[in-house]
Amino acid sequence: MVARARRGLREEMRLYLVAVTSLSVAFLCVGGALLATTNLSKVAERWGESGRMSIYLRDGARAEDVTQLRMVLEGLPETTTVSALTSQEARALFLEQSDVNSDLAGLPAEVFPASIEVAMAEGTPIQRVDAIAERVGRFRAVSDVETYRSFFDRLGSLVSAGTNLATVLGLLVGLCVFAVIGNTIRLAVARRRAEIEVMKLCGATDGFVRGPFVLEGTFQGAMSALLAVIALGLVFASMRGAIDRSLAEFLGSRAVFLDAWVLFALVLGGGLIGAAGSAISLRRYLTV
Amino acid sequence: MASSRSDDDDKVVRPFAFFRAGARADARAANKPILTFDGVYKYFREDQPTLKDVDLEVERGEFAFITGPSGAGKSTLLQLVYRKHTVDQGRILFCGRDIARLTPKSIPFLRRNLGVVFQDFKVVEHWTVYENVAIALEILAMPRRLVRSRVAEALERVGLAGRGQEKTCTLSGGEQQRVAVARAIVSEPALILADEPTGNLDPHLAIDILTLFEEINETGTTVLFATHDHSLIASRDHRIISIDEGRVVEARTGLRSWGTAKSGLHAVG
Ligand SMILES: Nc1ncnc2c1ncn2[C@@H]1O[C@H](COP(=O)(O)OP(=O)(O)O)[C@@H](O)[C@H]1O
Ligand SMILES: [Mg+2]
């Protein structure tokens, strides 16, 4: 059966090549959407997990007020680390993190307000973070509290939009693969009508006749997905350096490729849809 | 895909498997006709049956012409045997088994015991000669080594020894028909159905092909040879089953292979 499927693939090479090429592009769209979503959610996860809060202090806040504030914060069950950052330290940290030290090195320390950086325990509800921020804001020494909420909200909606897009694309492409492979198999059946007739006359069972076609459909689906995965991998590898240098540092996480199991699922899914497409096509068009 | 046989299929297949040419089946089956038509009707149009009340018996090892004008129903008669069509009334017994009652799933296993040859050859032109013949054995899931030796043997019998690797489309019509004959005999079926196998061939090639079928018949294979070519029929003294207006109106008993003592068997009403 495998030998006959191989012969079929060889004989219908051009027909199948067209199908595989166009389906690869379709799979590439799904893979791209998945990749983007994966990286977005990675960023969101990282930032969401850290549950950070920056409490900016007034200039000339009294040391005992600050100490009291720290004690209150440390006493809360939700906080994991509380660290104070003086103006000088903030300036040093900023200069260290940015490459543009030449111009900004001259900035005085006063430009950077002293702050208390608070990290929340994982899974702290957002309402609780808000409540803490609100309470902290009433302290005399505090000028401003940043919980990064709006940033999270925007990122979160971006991630769910990406997930929706990937899902819709996945369904669409699945349907596309199903239809295209069904059609190529139908064409292949028409072109091989003579040999199908011969096999039937010699006493071939339906399974014997259909087997190679289903294998061919499976191969096309899996091959399209595999090609798309390889292409995506190449594009990712060539762009990774640039992404890491520009975006990743700012976002705090490096670009990641799709998990091995996602890649495997893509190829397997392609194969399964190909098999289903050809099987259903055979059911309708193989009537010798 | 022999492994996918259901129990149901096995009931049908096992008895058939005995009826290979030369194979000695049990005495009871060997004495029975290989093929029996019993009051067979076939309608393609409701008002006019193509075959009317056909009664016919074909003995094991017989060679019989089926003749009649074009459209008489020669092809239909053969198609009922290899179950391209189903009878509308009556029974057809192949090796004592009513093949009208076979389920569609069992039809492949019936066909494995038949060899069929057509006017238009029905060879796959882009396959090699070897592939065209081997397919009949690959269907039986036969080991490749055995396939190779049996195909070589069959090609030798039809006079195409050593030409297995040629593309079938490069062969002449007569040679392509020989490929089809090799495919029909390679699995050593008990019965060969030939539907105008010489219809597309020159007269001298037609005689060659007829002779080929006779040689196959010599080894014990039953041959039903449908043709409307009277010169071909006249050149031999085989039994003639003649169809006219849907009835088997006349049947000359086989003079050569079947003596006068048996002539009563072939009398048809
Ligand atoms: N599949 C079919 N559908 C309808 N009519 C058919 C079919 N096959 C054969 N017939 C009719 O049955 C008659 C006998 O056909 P056929 O057996 O092919 O004759 P022959 O082989 O003797 O020339 C013809 O009149 C033909 O029109
Ligand atoms: Mg005919």
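Here are some short exercises on this two-chain model, each with a worked solution.

The model is predicted, so local features need pLDDT of at least 70 and side-chain atom pairs count only at pLDDT 80 or more, while totals for chains, interfaces and linings use all residues. Residues are numbered from 1 along each chain as its sequence is written, chains are lettered from A in the order in which they are written, and side-chain values use heavy atoms, with hydrogens and water left out.

**Exercise 1. The contact of chain A and chain B**

Task: describe the interface of chain A and chain B by residues, area and class.

Solution.
- Step 1: begin with contact, meaning heavy atoms within 4.5 Å. Chain A brings 17 residues to it, and chain B brings 17 residues.
- Step 2: turn to buried area, the accessible area (1.4 Å probe) that two parts lose on being put together, summed over both. The two chains bury about 1,700 Å² between them, with 68% of it on carbon and sulfur atoms.
- Step 3: look for polar contacts (a pair of N or O atoms within 3.5 Å; within protein, one must be able to donate a hydrogen and the other to accept it, and residues adjacent in sequence count only if both atoms are side-chain atoms). Between chain A and chain B, 6 residue pairs are in polar contact, both residues at pLDDT 80 or more.
- Step 4: assign elements, where helices (H or I, at least four residues) and strands (E, at least two) are DSSP runs numbered from the N terminus. On the side of chain A that touches chain B, helix H1 (2-11), helix H8 (193-201) and helix H9 (206-251) each supply at least two residues. H8(A) gives the largest share, 7 residues.
- Step 5: sort by class, with Ala, Val, Leu, Ile, Met, Phe, Trp, Tyr, Cys and Pro as nonpolar, Asp, Glu, Lys and Arg as charged, and the others, Gly among them, as polar. That side of chain A has 8 nonpolar, 3 polar and 6 charged residues.

**Exercise 2. Salt bridges across the interface**

Task: find the salt bridges between chain A and chain B, and say how Glu131(B) and Arg7(A) are placed.

Solution.
- Step 1: apply the rule, a side-chain nitrogen of Lys or Arg within 4 Å of a carboxyl oxygen of Asp or Glu. It finds 19 salt bridges over all chains, and 2 across this interface.
- Step 2: in one salt bridge, Lys122(B) meets Glu197(A) at 3.2 Å, N to O.
- Step 3: Glu131(B) also forms a salt bridge with Arg7(A), with the closest N and O atoms 2.8 Å apart. Because Glu131(B) lies in helix H5 of chain B and Arg7(A) in helix H1 of chain A, the pair joins two chains.
- Step 4: check exposure (buried is under 20% relative accessible area, exposed over 50%, partly exposed in between; 1.4 Å probe, protein chains only). Glu131(B) is partly exposed at 22%, whereas Arg7(A) is buried at 12%.

**Exercise 3. A network within chain A**

Task: work out which residues are joined with Glu12(A) by salt bridges that share partners.

Solution.
- Step 1: Arg191(A) and Glu12(A) form a salt bridge of 3.0 Å, N to O. Arg191(A) is in helix H7 (residues 149-191) and Glu12(A) in the loop between H1 and helix H2 (13-50), 179 residues apart.
- Step 2: these partners differ in burial, since Arg191(A) is exposed at 54% and Glu12(A) is buried at 3%.
- Step 3: Glu216(A) and Arg192(A) form a salt bridge of 2.5 Å, N to O. Glu216(A) sits in helix H9 and Arg192(A) in the loop between H7 and H8, 24 residues apart. Both residues are buried.
- Step 4: salt bridges with shared partners join Glu12(A), Arg191(A), Arg192(A) and Glu216(A) into one network.

**Exercise 4. Cysteines**

Task: explain why Cys176(A) has no disulfide bond to Cys29(A).

Solution.
- Step 1: a disulfide is a pair of cysteine sulfur atoms within 2.5 Å. The count is 0 over all chains.
- Step 2: the sulfur of Cys176(A) has its closest cysteine sulfur, that of Cys29(A), at 9.6 Å, so the two are too far apart for a bond.
- Step 3: Cys176(A) is partly exposed, at 34% relative accessible area.

**Exercise 5. Helix H3 of chain B**

Task: decide whether helix H3 (residues 74-81) of chain B is largely enclosed or open.

Solution.
- Step 1: 7 of its 8 residues are buried, so the rest of the structure largely encloses H3(B). Leu77(B), Leu78(B) and Leu80(B) are among them.
- Step 2: just after H3(B), Arg83(B) takes a positive phi of about 60 degrees.
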